[in-house]
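Reader: I'd like to learn how to read a structure feature by feature. Could you walk me through one?

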Amino acid sequence: MADKLKFALALALVVAGLVGYYQLADHALVLRVLAVLAGLGLGAAVAWFTVPGQDFYRFSQEAVVEARRVVWPSRKETWQTTLVVFALVLVVGVFLWLVDWGLLVAVQRLMGRSE
């Protein structure tokens, strides 16, 4: 129950930051943006002290570790894959154009408008 109350408080702080942005419409943009950032920061700080907040932090740390393990393609592999994609797009585009043209001719003949 305490975690739910903390999350409600965190959400209220974020909403307060957004409301502050619009309430400070007559003030400098920097002050308005600071209100939003303060709301987001305070909301994140409150959420940090909840069990789901700690779980999310651990999950994000594990995601960073996993992203470092990814084997990224080389520049050559990236270009080759891009060229294959472009070639397939061209082939499929021509195929669809031919199908469209064929259906147009068929409909024109069925309606007696063939030339």
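Reader: Let's start small: in which helix is L9 found?

Author: Happy to help, and one caution first: this is a predicted model. L9 is found in helix α1.

Reader: And how exposed is L9?

Author: The general idea is to look at relative accessible area, where partly exposed covers the range between under 20% (buried) and over 50% (exposed). L9 has 45% relative accessibility, so L9 counts as partly exposed.

Reader: How far apart are L9 and V46 in sequence and in space?

Author: Along the chain, L9 and V46 are 37 residues apart, while their C-alpha atoms are 7.4 Å apart in space. Keep that pair in mind for the helix contact.

Reader: Then how do I read the packing of α1 and α2: how do their axes cross?

Author: Begin with the axes of the two helices. Helix α1 spans residues 2-23 and helix α2 spans residues 29-48; their axes come within 7 Å and cross at roughly 175°. Angles over 145 degrees count as roughly antiparallel, so α1 is roughly antiparallel to α2.

Reader: Which residues make the contact?

Author: On the α1 side, the contact is made by K6, F7, L9, A10, L13, V14, G17, L18, G20 and Y21. On the α2 side, the residues are L29, R32, V33, A35, V36, G39, L40, L42, G43, V46 and A47. You'll spot L9 and V46 again, one from each helix.

Reader: How do the residues of that contact divide into nonpolar, polar and charged?

Author: There are 15 nonpolar, four polar and two charged residues in the contact of α1 with α2.

Reader: V33 is one of the contact residues. Is V33 buried, partly exposed or exposed?

Author: V33, which is found in helix α2, has a relative accessible area of 37%, so V33 is partly exposed.

Reader: What separation do the C-alpha atoms of V33 and S74 have?

Author: They are separated by 40 Å, and the two residues are 41 residues apart along the chain. Set that beside the earlier pair: L9 and V46, 37 residues apart in sequence, have their C-alpha atoms 7.4 Å apart.

Reader: Let me try a loop residue. Where is T50 found, and is T50 buried or exposed?

Author: T50 is found in the loop between α2 and α3. Buried means under 20% relative accessible area, and T50 has 1%, so T50 is buried.

Reader: Which residues is T50 in contact with, leaving aside its neighbours within four places in sequence?

Author: With D3, K6 and F7. Two of those names, K6 and F7, also appear on the α1 side of the helix contact.

Reader: On to charges: how many salt bridges does the structure hold?

Author: To read one, look for the two side chains, the N to O distance, and where the partners lie. The structure holds two salt bridges. In one, the side chains of D55 and R58 meet at 2.4 Å, N to O. Both residues lie in helix α3, three residues apart, about one turn of the helix. D55 is partly exposed at 38% relative accessibility, and R58 is partly exposed at 43%.

Reader: And where do R69 and E66 lie?

Author: R69 and E66 both lie in helix α3, three residues apart, about one turn of the helix. Their side chains meet in a salt bridge of 2.9 Å, N to O. R69 is exposed, with a relative accessible area of 58%, whereas E66 counts as partly exposed at 44%.

Reader: How many aromatic pairs are there?

Author: The structure holds two aromatic pairs. Here you read the centre distance together with the angle between the planes. The rings of Y21 and Y22 have centres 5.1 Å apart and planes at 90°, so this pair is edge-to-face. Y21 is partly exposed at 22% relative accessible area, and Y22 is exposed at 59%. W48 and Y57 also form an edge-to-face pair, 4.9 Å centre to centre with 75° between the planes. W48 counts as partly exposed at 36%, as does Y57 at 38%.

Reader: Last one: what is the place of L90?

Author: L90 is in helix α4, residues 75-110, and counts as exposed at 59% relative accessibility. The C-alpha atoms of L90 and W48 are separated by 50 Å, with their positions 42 residues apart along the chain.

Note on methods:
Residues numbered from 1 in each chain as written. Predicted model: local features only at pLDDT ≥ 70, side-chain atom pairs only at ≥ 80, totals over all residues. Heavy atoms only, no water. Axes fitted to C-alpha atoms, helices over the stretch in contact; angles between N-to-C directions. Helix = DSSP H or I, 4+ residues; strand = E, 2+ residues; numbered from the N terminus. Parallel < 35°, antiparallel > 145°, perpendicular 65-115°, else oblique. Contact = heavy atoms within 4.5 Å. Nonpolar A, V, L, I, M, F, W, Y, C, P; charged D, E, K, R; others polar. Buried < 20%, exposed > 50% of the residue type's maximum accessible area, 1.4 Å probe, protein only. Salt bridge = Lys/Arg side-chain N within 4 Å of Asp/Glu carboxyl O. Phe/Tyr/Trp six-rings, centres within 6.5 Å; stacked < 30°, edge-to-face > 60°.
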